[in-house]
Amino acid sequence: MQNRLPQIKTSLPGPEAMKVLALDHEFVSPSYTRDYPLVAKRGEGMMVEDVDGNVFLDFSAGIAVVSTGHCHPDVVRAIQRQAGELIHMSGTDFYYPLLAQLAQKLAQIAPGKSPKRVYFGNSGTEAMEAAMKLARFHTRRHRFIAFLHCFHGRTFGALSLTASRAVQRNGFGPLLPGVSHIPFPNLYRCPFGHHGGECSPENEVIEYLENLFKTIIPPEEVAAIIAEPVQGEGGYVIPPKNFFARLREIADRHGILLIFDEVQSGMGRTGKMWACDHFGVAPDILTTAKGIASGVPLGVTIARADIMNWPPGAHASTFGGNPIACAAALETIRLLEEKYLANSAQMGEYAMKRLADWPKKHPLVGDVRGLGLMMGIEFVKSQKSRDPNPEARKRIIDRAYQLGVLLLGCGESTVRLMPPLVVERDQVDFALDTLERCVVEIEK
Ligand SMILES: Cc1ncc(COP(=O)(O)O)c(C=O)c1O
């Protein structure tokens, strides 16, 4: 693909896209939520070409997955080499070198000094499921504490933690007993209703939790506290700097495990390998998926070796850690360490500098926030009321698509920017110029 910037040649969706949409609407599960009718055919680096030859600049990365860009040649080579040698064997019943090598690499780069072990699944939700089972098994306790607005996946265990949107739970209950949700310390939308200046939600969240422990949740029954270090689907919300140290202290005091879900925020997305590195706190169990293998399905659960003490047969997966996924992951990590982790930090800083004065310039923009290339712009009806503005968000995302930039939303009215970590400065400029043009058009 020649293009480094968008080129739109047909009306959208184009004629070939229309045919796929008709087929999809007839046969594919209607549970998916597509914001706009992009029908992808090819991807290369930052660019995606649709079935009509239109080329888009991708600031969604397949929901934060293609960390090294679309079809990075080194990742493609690693996949092709592995596909010619061994596609599947099942790490559940046999050994192969890549599984052990990837486990060693992940154990080395995982946060915290203690030795680690790694469990392999196929997705973020499976990584969370394994983390929950391991926490119960290790502690012999049954309760979990999670945060409102968090997203941890959609299988029954993970869904019991997820508290992002009611539609994700509606009709599926009863879910796992023993899961309690507490507010997340959101600085822009203080869960305790204080706005502007006097808000320090981390203190109130900690107090709230301590109070639960004194009243309705015996801490001796709690296996784990689960958090996304940066809330993803919930709105790209970054908690106060000292929050996780406080949570770590409470967890330790009560023998409760701390699980960080870095399915979305891990693998360099925030400019460091792990989002929790920004807070200087290591969890007992860490999950990651999305960006780990540049688009090949893989989810991992990394735990302190003394915690991952379950016996043979306790948990496993036929496909988890499939050789092709392991090859793609090892190559992805190599590329991240070589250059893209640094690029994520640099480009994120550059973009955040450009975004910093948007709330001053644009009445529709309530807040901008970000770490590395995990950035959110929250749209409001008025800056004074801070009422969420999902209609403006929708119009902005639709218009950006028409102009060739692929964006996604999160939270109630936030646009998230999560390009592949290979993004270059002129592409950041193009995406932000386009986004700003959409905001100005809608403000008129
Ligand atoms: C933080 C987090 N955890 C878990 C999941 C679930 O991952 P998957 O969709 O791969 O099952 C997601 C997916 O968006 C996520 O963002």
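Helices here are DSSP runs of H or I at least four residues long, numbered from the N terminus, and one of them, helix 9, holds Ile 324. The model is a predicted one, and Ile 324 makes a handy way in. With 22 other C-beta atoms within 10 Å, Ile 324 counts as buried, because the cut-off for that label is 20 or more. What does Ile 324 touch, once its neighbours within four places in sequence are left aside? The contacts are Ile 79, Gln 82, Ala 83, Ile 87 and Val 296. Pro 297 sits 27 residues away from Ile 324 along the chain, yet the two C-alpha atoms are separated by 9.4 Å.

Stepping back to the whole chain, the assignment splits the protein into domain 1 (15-72 + 343-443) and domain 2 (74-336). Their C-alpha centres lie 25 Å apart. Across the boundary, 29 residues of domain 1 are in contact with 29 residues of domain 2. On the domain 1 side, the elements that put in two or more residues are helix 2 (61-64), helix 9 (323-355), strand 11 (365-371), strand 12 (374-379) and strand 15 (414-417). As for chemistry, that side of domain 1 breaks down into 13 nonpolar, eleven polar and five charged residues.

Several of those elements turn up again in a four-stranded open sheet, where the strands follow the order 11-12-15-14 and pair in the antiparallel sense. Strand 11 and strand 14 (408-410) are the edge strands, each pairing on one side only. From one strand to the next, the twist averages 30°. Three bridges tie strand 14 to strand 15, again antiparallel, and in this part of the sheet Gly 409 stands opposite Val 415 of strand 15. Helix 9 packs on this sheet and touches strand 11, strand 12 and strand 15. The direction of helix 9 makes about 20° with that of strand 12.

The other sheet to look at is also open, and has seven strands in the order 4-10-9-8-7-5-6 with mixed pairing. Strand 4 (116-121) and strand 6 (179-182) stand at its edges with a single partner strand each, so one side of each has no neighbour in the sheet. Here the twist averages 20° from one strand to the next. Helix 5 (residues 124-139) lies across strand 4, strand 5, strand 7, strand 8, strand 9 (285-288) and strand 10 (299-304). Relative to strand 10, helix 5 runs at about 25°.

Strand 5 (residues 143-147) deserves a look of its own. On one flank, strand 5 runs parallel to strand 6 and is joined to that strand by four bridges. Ile 145 has Ser 180 as its bridge partner in strand 6, while Ala 146 stands opposite His 181 of strand 6. Strand 5 also pairs with strand 7, in the parallel sense and over three bridges, with Arg 143 standing opposite Val 222 of strand 7. How many of the five residues of strand 5 are buried? The count is five of five, and the strand is mostly covered. Arg 143, Ile 145 and Phe 147 point one way from the strand, whereas Phe 144 and Ala 146 point the other way; all are buried.

That leaves helix 8 (residues 243-253), where Phe 243, Phe 244, Leu 247 and Ala 251 are buried. Why do these buried residues line one face of the helix? Looking down the axis of helix 8, they fall within an arc of 85°, so they end up on one face. This buried set packs against helix 7 (201-215), strand 7 (222-227) and strand 8 (257-261). Turned away from the buried side is a face with the exposed residues Ala 245, Glu 249, Asp 252 and Arg 253. Just after helix 8, Gly 255 adopts a positive phi of about 65°.

Methods. Residues are numbered from 1 along each chain as its sequence is written. This is a predicted model: local features need pLDDT of at least 70, side-chain atom pairs count only at pLDDT 80 or more; totals for chains, interfaces and linings use all residues. A residue is buried if 20 or more other C-beta atoms lie within 10 Å of its own, exposed if 12 or fewer, and partly exposed in between; C-beta atoms are placed from the backbone. The arc is that of the directions from the helix axis to the C-beta atoms. Two residues are in contact if their C-beta atoms, placed from the backbone, lie within 7 Å. Domain bounds come from an automatic or database domain assignment. Ala, Val, Leu, Ile, Met, Phe, Trp, Tyr, Cys and Pro count as nonpolar, Asp, Glu, Lys and Arg as charged, and the others, Gly among them, as polar. Two strands pair if DSSP finds at least two bridges between them. Axes are lines fitted to C-alpha atoms, for helices over the stretch in contact, and angles run from 0 to 180 degrees between N-to-C directions.
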